[in-house]
Amino acid sequence: MTQKPHPTNTLFQGKVAIVTGAAQGLGLAYVHALLARGAQVVASDLGTDRAGAGADQNLITEAASTLPADDGQLVTHSGRLDQEAGCKQLIALAIAQFGKLDILIHNAGWVGYQSIEEQEDAFLERALDINLRAPIWLSKHAWPHLKQSASPRIVLNTSDRAMYQQYAQPGLTAYAAGKMAQLGLMNALSMEGQPHGILVNAISPVAKTRMWGVTHPPEDLKPEWVAPGVLYLASPLCQDTGLILRASNGQFTATRFCENPAVVYPTNLARVACRSLEDIAQHWQHIKEFDDI
């Protein structure tokens with residue numbers, strides 16, 4: 001008797017996905033998982049160093065040779081995404097090769113440390129280029145094609161180091177700013193995408209990759225343990241938009257910025273009324289309470 005395929009094994013059949021930052025670590029794990037489920041993938045990576053500088057197109061070519069792709073299932077791309085023209089070219093490549101686009105996963109990024117007193121414009125621009133400009137331009141040129149998809153999905157990338165003060169680290173000002181920018185973009189695009197069924201969510205992954213200085217397969221915090229979460233956000237099974245999925249060590253928890261349901265924005269925050277600095281000082285302990293809503 002022929003065994004019928006499990007329904008979830010066909011979720012990505014006929015789907016076309018773009019994954020940026022795809023040559024190593026998390027991005028490579030996402031591409032591997034998508035290919036294994038039958039998706040057609042454009043894997044993009046400029047081949048920068050750990051500081052986000054330089055370029056090596058051999059990196060994505062070599063990575064592709066290790067992936068389980070059928071003929072015609074995988075296309076590689078190595079180009080700059082810090083300008084609109086480069087992002088437009090990547091989207092055009094997907095359309096030229098596969099005729100459509102269903103999934104955009106913006107994973108590309110880098111971790112660089114520079115104290116606020118040493119902050120350089122070039123360093124900041126590099127962080128904003130990959131974390132802010134690239135996802136905006138990619139989304140712009142992907143949008144008309146996603147509007148034609150039966151289950152269009154965008155997955156952006158953020159970090160617990162940006163979202164939570166207790167996990168922040170000195171020197172990560174530019175990094176944190178860029179990762180929080182993607183959450184603003186997620187919120188805005190999730191609303192703009194609703195009339196077209198375009199769902200926009202973000203992954204906040206923790207994994208031992210080259211950004212940690214890891215050169216050998218890790219024993220914990222493995223990149224492939226994050227991949228199921230990204231697959232879910234990119235799949236038709238996901239029906240939420242504007243959510244952040246935290247992923248670490250094979251565990252997942254979703255979060256979002258939640259508003260007090262009694263709020264009538266912007267006229268009534270349904271909280272503590274004050275008319276002066278002294279009023280605010282007197283009621284400060286109550287104003288800063290987060291768990292009483």
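User: In this predicted model, which residues are linked with D129 in a network of salt bridges?

Analyst: A salt bridge is read from the distance between a side-chain nitrogen of Lys or Arg and a carboxyl oxygen of Asp or Glu, which must lie within 4 Å. In this structure E125, D129 and R133 are linked in such a network, and within it D129 pairs with R133, their closest N and O atoms being 2.9 Å apart.

User: How many residues apart are D129 and R133 in helix α4, and what does that mean along the helix?

Analyst: D129 and R133 are four residues apart in helix α4, so about one helical turn separates them. As for their surroundings, D129 is buried, with a relative accessible area of 17%, because the cut-off for buried is under 20%, whereas R133 is partly exposed at 30%.

User: How many salt bridges are there by this rule, and which residue meets E84 in one of them?

Analyst: The count comes to six salt bridges, and one of them is formed by the side chains of E84 and K140, with an N to O distance of 2.7 Å. Since E84 belongs to helix α3 (residues 84-98) and K140 to helix α4, this pair ties together parts that are 56 residues apart in sequence. Both partners are classed as partly exposed, E84 with a relative accessible area of 26% and K140 with 45%.

User: Which residue forms a salt bridge with D160, and where in the chain do the two partners lie?

Analyst: D160 forms a salt bridge with R246, and their closest N and O atoms are 2.9 Å apart. The pair links distant parts of the chain, for D160 is in helix α5 (residues 160-163) and R246 is in strand β7 (residues 244-248), 86 residues apart. D160 is buried, with a relative accessible area of 12%, while R246 is partly exposed, with 22%.

User: Turning to a loop residue, is S151 buried or exposed, and which residues is it in contact with beyond its neighbours in sequence?

Analyst: S151 sits in the loop between α4 (121-146) and β5 (153-157), and its relative accessible area of 7% makes it buried. If neighbours within four places in sequence are left aside, S151 is in contact with K15, D102 and P236, and with K15 there is also a polar contact of 2.7 Å between the two side chains.

User: For contrast, is A96 buried or exposed, and how many Å from N9 does A96 lie in space?

Analyst: A96, whose place is in helix α3, is exposed, with a relative accessible area of 64%. Sequence separation and spatial distance are given side by side here, since A96 and N9 are 87 residues apart in sequence and 26 Å apart in space, taken from C-alpha to C-alpha.

User: How do the axes of helix α1 and helix α7 cross, and which residues meet where they do?

Analyst: To read a pair of helices, one looks at the approach of their axes, the angle between them and the handedness of the crossing. The axes of α1 (residues 25-36) and α7 (residues 227-234) come within 9 Å and cross at roughly 60°. That angle makes α1 oblique to α7, and the crossing of α1 and α7 is right-handed. On the side of α1 the residues A29, Y30, A33 and L34 take part, and they meet A227, V230 and L231 in α7.

Terms used: Residues numbered from 1 in each chain as written. Predicted model: local features only at pLDDT ≥ 70, side-chain atom pairs only at ≥ 80, totals over all residues. Heavy atoms only, no water. Helix = DSSP H or I, 4+ residues; strand = E, 2+ residues; numbered from the N terminus. Buried < 20%, exposed > 50% of the residue type's maximum accessible area, 1.4 Å probe, protein only. Polar contact = N/O pair within 3.5 Å; in protein donor to acceptor, adjacent residues only side chain to side chain. Contact = heavy atoms within 4.5 Å. Axes fitted to C-alpha atoms, helices over the stretch in contact; angles between N-to-C directions. Parallel < 35°, antiparallel > 145°, perpendicular 65-115°, else oblique. Left-handed = near helix turned anticlockwise from the far one by under 90°.
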